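Please read the following account beside the sequence and the three-dimensional view, taking individual residues before the chain as a whole.

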Amino acid sequence: MRPDVSVVIPTRNRRELLLRSLGSAIAQQGVEVEAVVVDDGSSDGTCDAVEALDTARVRVVRHDTSRGVSAARNAGIAEARAGWVAFLDDDDLWAPERLSAQLDALEGAPAAGWAVSGAVVVDDALRVVGAQRPPREGVIPAGVLAYNCIPGGASGVLARTDLVLDAGGFDPVFRILADWDLWTRLALTSSLATVWRPHVAYVFHGANMTAQPRGFDIELERIRAKHAAARAEAGVELDVDAWARWFAEVARRGGSRLVPAATYARLAARRRRPVLALKGLSMAVRPGWVARLNAYRQRTMDPGWLEEAERWLEASRAHPPPGADRPTDEPAAPT
């Protein structure tokens, strides 16, 4: 039977996390799913572990040496047999009804070629510490041209396979911002359907690629140049301040103290607001800054949103991968 959705999962040396994420993909309800796992040069037995599952619903593409996350995703897209393709990072999780809800939303929006769900941000013990709402109708493509307003990183989007192929897939020159670049190209060619429910868990565990944003400035300038004409036509500007705040927070959550202080100092000079430099200094030196921010975001989250996410996350908490219960002071990604 031809699957309804092909799920592309790139991975490298995260065997146990991958198995948990893969489980959330093949447990999707009301949808025929195939999972294409692209093992991008792992040395931890990832390929053997996936093949040991012995199920026709999961296939493995093996790269003997790493080619990078964009090339890995593109290799998975090339193997996709379904008319719809979804992307799942090897450390993130889905609610069981995520794909069926997105397909329903797309059925109700015939002009849309891709869909996105809301997300929660969780730490490595799957505690909810943030929320990411999907964009409202009418803000695409202008919103995504200014900033990556699509929740869940690469794990929140479902798109027509031919639409992704026509757009050229993921650009290999990008690592950190590869998903935003593709979402921008999709937004310029198709409208977006949204599901206003927390169906994705973006897991921030301190080892995420975005927690170690080396080369971020270079990629942001590449994005600026690549989509400059579309941005000018839409009459929007790149939201540099929002990206600066994101960069500072991600760096702080990744353990850096110098980067957020320096980033906010530059932002203060550009905006001529000295108070921003003080904010950066507080971010860098205040004890428990990450934990305080997490607690604030959880307190101010929509209770219904939190309750729904907690309901489907509980099953994954019951079967954590090895090491997932270790304490951490850097548990959440920015929202």
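In this predicted model, Arg 272 is exposed, because its relative accessible area of 74% lies over the 50% cut-off for that class. The residue sits in the loop that runs between α11 (258–271) and α12 (274–285), and its phi is near 55°, a positive value in a residue other than glycine.

Asp 54 can be described in similar terms. This residue, which is not a glycine either, has a positive phi of about 55°, and its place is the loop between α2 (46–51) and β3 (58–63). With a relative accessible area of 70%, Asp 54 is exposed.

Another backbone feature concerns the peptide bond itself. Ile 140 and Pro 141 are joined by a cis peptide bond, for which omega is about 10°, and Pro 141 belongs to the loop between β7 (128–132) and α5 (142–146).

From the loops the account passes to a strand. Arg 197 is part of strand β9, which covers residues 191–203, and its relative accessibility of 34% makes it count as partly exposed, since that class lies between the limits of 20% and 50%. Which residues does Arg 197 contact, once its neighbours within four places in sequence are left aside? They are Glu 97, Ser 117, Gly 118, Trp 305 and Glu 308. Ile 176, by comparison, is 21 residues away from Arg 197 in sequence, and the two C-alpha atoms are 26 Å apart in space.

Gly 118, one of the contacts of Arg 197, also serves as a reference point for Ser 316: the two are 198 residues apart along the chain, and 18 Å separates their C-alpha atoms. Ser 316 lies in helix α14 (residues 303–317) and is buried, because its relative accessible area is 16% and the class takes in values under 20%. If residues up to four places away in sequence are not counted, Ser 316 touches Leu 93 and Leu 126.

Helix α8, which comprises residues 216–226, shows how burial can be distributed around a helix axis. Its buried residues are Phe 216, Glu 219, Leu 220 and Ile 223, and they lie on the same side of α8 because they cover an arc of only 100° around the axis. An α-helix has 3.6 residues a turn, so residues three or four places apart point the same way. What do the buried residues of α8 pack against? Their partners are α7 (178–187), α9 (228–234) and α10 (240–253), whereas the face turned away from the buried side carries the exposed residues Ile 218 and Ala 225.

These elements belong to a chain with 14 helices and nine strands. The chain is as compact as a globular protein of its length, because its radius of gyration is 19 Å, close to the 20 Å that the globule rule gives for 335 residues. Along the principal axes, the C-alpha trace spans about 60 × 50 × 45 Å, and 53% of the 335 residues are buried. Of the contacts between residues at least 6 apart in sequence, 78% join residues at least 24 apart.

The surface and the charges complete the description. The accessible surface of the chain comes to about 14,400 Å², and carbon and sulfur atoms account for 52% of it. Among the side chains, 41 are positive and 43 are negative, with the centres of the two sets lying 8 Å apart.

Notes:
Residues numbered from 1 in each chain as written. Predicted model: local features only at pLDDT ≥ 70, side-chain atom pairs only at ≥ 80, totals over all residues. Heavy atoms only, no water. Buried < 20%, exposed > 50% of the residue type's maximum accessible area, 1.4 Å probe, protein only. Helix = DSSP H or I, 4+ residues; strand = E, 2+ residues; numbered from the N terminus. Arc of directions from axis to C-beta. Contact = heavy atoms within 4.5 Å. Rg over C-alpha atoms; globule rule 2.2 N^0.38 Å. Areas by Shrake-Rupley, 256 points an atom, 1.4 Å probe, with all protein chains shown as cover. Lys, Arg positive; Asp, Glu negative; His and termini not counted. Charge placed at Lys NZ, Arg CZ, Asp CG, Glu CD.
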